[in-house]
Amino acid sequence: MTGESIHDGASVTLELTASDATRAVYPFEFAVRFTYRLRGAVLSIEQVFENRGPSPMPMHPGLHPYFYVPDAAKAGARISTDATHGYDNRTGQEVTVPKPLGLAGHEVDLFLLDHTPRETVLTRPGLPGVRLAFGSDQQVLVVWTLPGRDFVCVEPWRARAGALADGTAPEVAPGASQSTTLTLSLV
């Protein structure tokens, strides 16, 4: 674990490397480092995935940031997106993305498959909005919430759910690394 001076903000880097315990469920030689950096009202999360093994390493990380949105305010909450095509994880069906995307009164577990800007804004009635900016490697934007619960998740992912199991997850070449960044800021 490493950090930096408070004058430049604050940061911490956490690392996990392959072990007997990880190999039991993920049989690859790897190192993963997450650096969390807070500067003013901006939080960035840099993720580095290193393949230390002799074969391609499938990788499908997904961050799951939960944002406070009171259940009573979800009807007015909005997620900026140009997506028209999605996958409803509840029904297992391809769907047309409604405009605006309704977040109130029912579970939403939607994969926005053609969200093209590398950012989105969650507008929360009565609260500051949250801007999420993410790497071009994040191909899917997931939106999840439950009725009666005071949250909305907005999650940049590299691929659809199940990509590791079905063999469609992106891979890191032997001896190579890949990185991506998620930046959160209030608007």
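1. Let me start with Arg23, which counts as partly exposed at 30% relative accessibility (buried is under 20% relative accessible area, exposed over 50%, and partly exposed in between, with a 1.4 Å probe and protein chains only). Its salt-bridge partner is Asp20, with the closest N and O atoms 3.0 Å apart (a salt bridge needs a side-chain nitrogen of Lys or Arg within 4 Å of a carboxyl oxygen of Asp or Glu). Asp20 is exposed, with a relative accessible area of 65%. The two sit three residues apart in helix H1 (residues 20-23), so about one helical turn separates them. Helices (H or I, at least four residues) and strands (E, at least two) are DSSP runs, numbered from the N terminus.

2. A word on the source: this is a predicted model, where local features need pLDDT of at least 70 and side-chain atom pairs count only at pLDDT 80 or more, while totals for chains, interfaces and linings use all residues. Residues are numbered from 1 along each chain as its sequence is written, and side-chain values use heavy atoms, with hydrogens and water left out.

3. On the overall fold, the protein chain has two helices and 16 strands. Its radius of gyration is 18 Å, close to the 16 Å that the globule rule gives for 187 residues, so the chain is as compact as a globular protein of that length (the radius is taken over C-alpha atoms, and the rule is 2.2 Å times the number of residues to the power 0.38). Buried residues make up 42% of the 187 residues.

4. Now the interior. The largest nonpolar core has 32 residues, and Ile79, Leu103, Leu132, Val143, Val152 and Val154 have the most contacts inside it. Such a core is a set of buried Ala, Val, Leu, Ile, Met, Phe, Trp, Tyr and Cys residues joined through side-chain atoms within 4.5 Å. Among the elements giving it two or more residues are strand S3 (30-39), strand S4 (42-51) and strand S14 (151-157). Apart from it lies another core, of five residues, including Phe111 and Trp157.

5. Glu155, in strand S14, deserves a look. This residue is buried yet has no salt bridge, and the nearest side chain of opposite charge, Lys74, is 12 Å away (Lys and Arg count as positive, Asp and Glu as negative, and His and the chain ends are not counted). The side chains of Glu155 and Trp157 do share a polar contact of 3.2 Å. That term means a pair of N or O atoms within 3.5 Å; within protein, one must be able to donate a hydrogen and the other to accept it, and residues adjacent in sequence count only if both atoms are side-chain atoms.

6. Lys74 itself is buried, with a relative accessible area of 1%. Its salt bridge is with Asp71, the closest N and O atoms being 3.5 Å apart, and Asp71 counts as partly exposed at 27% relative accessibility.

7. Back to the strands: Arg33 and Glu50 meet in a salt bridge (3.4 Å, N to O). Arg33 lies in strand S3 and Glu50 in strand S4, so the pair ties together parts that are 17 residues apart in sequence. Both count as partly exposed, Arg33 at 24% and Glu50 at 22%.

8. One backbone detail to check: Lys99 and Pro100 are joined by a cis peptide bond, with omega about -10°. Pro100 is in the loop between strand S9 (93-96) and S10.
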